[in-house]
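This report describes a single protein chain. Please view the sequence and the coordinates together while reading.

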Amino acid sequence: MVQRLVDYPSSDDSSSSRRSSSPHRGYCDPEQDMGHVRGGWSGHVGLVITGRSRQQLHALGLACIEAICPHTFGTRPCDEQRAEALDSPHISLTRAFYVQEYQIAGFMSELEASIRGMGALTVGFGALRTFANERRDREFVAVEVAAGRDSVQAVLERVDHVMERFGKPRFFADARFHASIVRLDTQDASPRSVQRAAGILGAQMDEEILRLPAARIDTLECVFGDRCFHISLNQ
């Protein structure tokens, strides 16, 4: 099993420009950045979707934006501040949390030990869904995991074990695993309008989703502020 540090450009303000994910009913929003509060580093753990599957989900997100914005904001195309097709889709396995800098090495060591022996997994995607973050100022359009849920759950249980050892909250008990493909800032749009638009969109996109091939996932990603670690699952 290989642990690798991936360098991101340093930022003391926010890591929100990098990615988005999920908290309401299993939706953790990594962009709900806690910053370096009280000397802590905001953290997030998830399964990374790479290669062709990543490209296809990003293309699906772009198509979603074209269809959803007129119903949500009355504009076409959407302003980039309002909507973004996410280019780094992933399946969240933690809520947003924070650790002290001195705890990062220990957390990564425990996480690597916890998932040792786990191999790569394959997931298939199903219905289009919307999720809100805990602050309710963002909505996310996502594709739910329809096949391979048990494999994702097995990884989650080991991640939860490490979270508990560090006094951090477990993931949502009723989690609906998914990969977010669109972020919508909804200060000026009601959640109902987003959900209505997503419902219309879902009917249009069902065939596209059904054509998505299963995604092979072999990397667990752990982000702390502007530091990103990758742990291989296929060794």
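The sections below treat the model, its strands, a helix, the nonpolar core and the aromatic rings.

## Model and confidence

The structure is a predicted model. Its chain averages a pLDDT of 77, and 66% of the residues score at least 70. Two segments have pLDDT under 50 throughout: residues 4-27, for which the model has 84 contacts beyond four places in sequence, and residues 32-36, for which the corresponding number is 20. Where pLDDT is low, the predicted coordinates should not be read in detail.

## Overall composition

Four helices and 11 strands are assigned in the chain. Of its 235 residues, 53% are buried. Among contacts between residues at least 6 apart in sequence, 80% join residues at least 24 apart.

## Strand β10 and its partners

Strand β10 covers residues 219-224, and six of its six residues are buried. T219, E221 and V223 point one way from this strand, while L220, C222 and F224 point the other way; both sets are buried.

β10 pairs with two strands described here. With strand β2 (residues 40-48) the pairing is antiparallel and spans five bridges; L47 stands opposite L220 in this arrangement. With strand β11 (residues 227-232) the pairing is also antiparallel, over six bridges. The bridge partner of F224 in β11 is R227. β10 and β11 make a hairpin with two residues between them, and G225 in the turn has a positive phi of about 55°.

## Strands β6, β7 and β8

Strand β7 (residues 138-147) is mostly covered, with eight of its 10 residues buried. Antiparallel pairing links β7 to β6 through seven bridges and to β8 through seven bridges. On the β6 side, A132 stands opposite E139 of β7; on the β8 side, E144 stands opposite H178.

Two individual residues give further detail. A127 lies in strand β6, which spans residues 121-132. Its relative accessibility is 26%, so A127 counts as partly exposed. A127 and V143 are 16 residues apart in sequence, and their C-alpha atoms are 5.8 Å apart in space. S180 belongs to strand β8 (residues 178-185). At 3% relative accessibility, S180 counts as buried. The C-alpha atoms of S180 and E139 are separated by 9.9 Å, with their positions 41 residues apart along the chain as a sequence separation.

## Helix α2

Which residues of helix α2 are buried? In this helix, residues 104-114, they are I104, F107, M108, L111, E112 and S114. Viewed down the axis of α2, these buried residues fall within an arc of 160°, so they line one face of the helix.

## The nonpolar core

The largest nonpolar core contains 51 residues, and the members that touch the most others are L47, F107, L111, L220 and F224. Helix α3 (residues 149-165) gives the largest share of this core, six residues. In soluble globular proteins, nonpolar side chains tend to be buried together.

The surroundings of L220 show how separate parts of the chain meet at one position. Leaving aside neighbours within four places in sequence, L220 is in contact with V45, G46, L47, L93, L111, I115, V155, V159, F229, H230, I231 and L233. Among the residues named above, L47 is both a contact of L220 and its opposite residue in the β2 pairing. L111 of helix α2 is buried and is likewise in contact with L220.

## Aromatic rings

A pair of aromatic rings is described by the distance of the centres and the angle of the planes. How many aromatic pairs does a search of the whole structure find? There are six aromatic pairs. One of them joins F171 and F172, an edge-to-face pair with 5.2 Å centre to centre and 70° between the planes. Both F171 and F172 are buried.

The rings of F224 and F229 have their centres 6.5 Å apart and their planes at 70°, so this pair is edge-to-face. F224 has a relative accessible area of 0% and is buried. F229, at 11% relative accessibility, counts as buried. F224 and F229 belong to one aromatic cluster that also includes F97, F107 and F166. Of the residues in that cluster, F107 and F224 are also among those that touch the most other members of the largest nonpolar core.

How values were computed. Residues are numbered from 1 along each chain as its sequence is written. Side-chain values use heavy atoms; hydrogens and water are left out. Buried means under 20% relative accessible area, exposed over 50%, partly exposed in between (1.4 Å probe, protein chains only). The arc is that of the directions from the helix axis to the C-beta atoms. Two strands pair if DSSP finds at least two bridges between them. pLDDT is the predictor's confidence in each residue, from 0 to 100. Contact means heavy atoms within 4.5 Å. A nonpolar core is a set of buried Ala, Val, Leu, Ile, Met, Phe, Trp, Tyr and Cys residues joined through side-chain atoms within 4.5 Å. Rings of Phe, Tyr and Trp (its six-membered ring) pair if their centres lie within 6.5 Å; planes under 30 degrees apart count as stacked, over 60 as edge-to-face and the rest as tilted.
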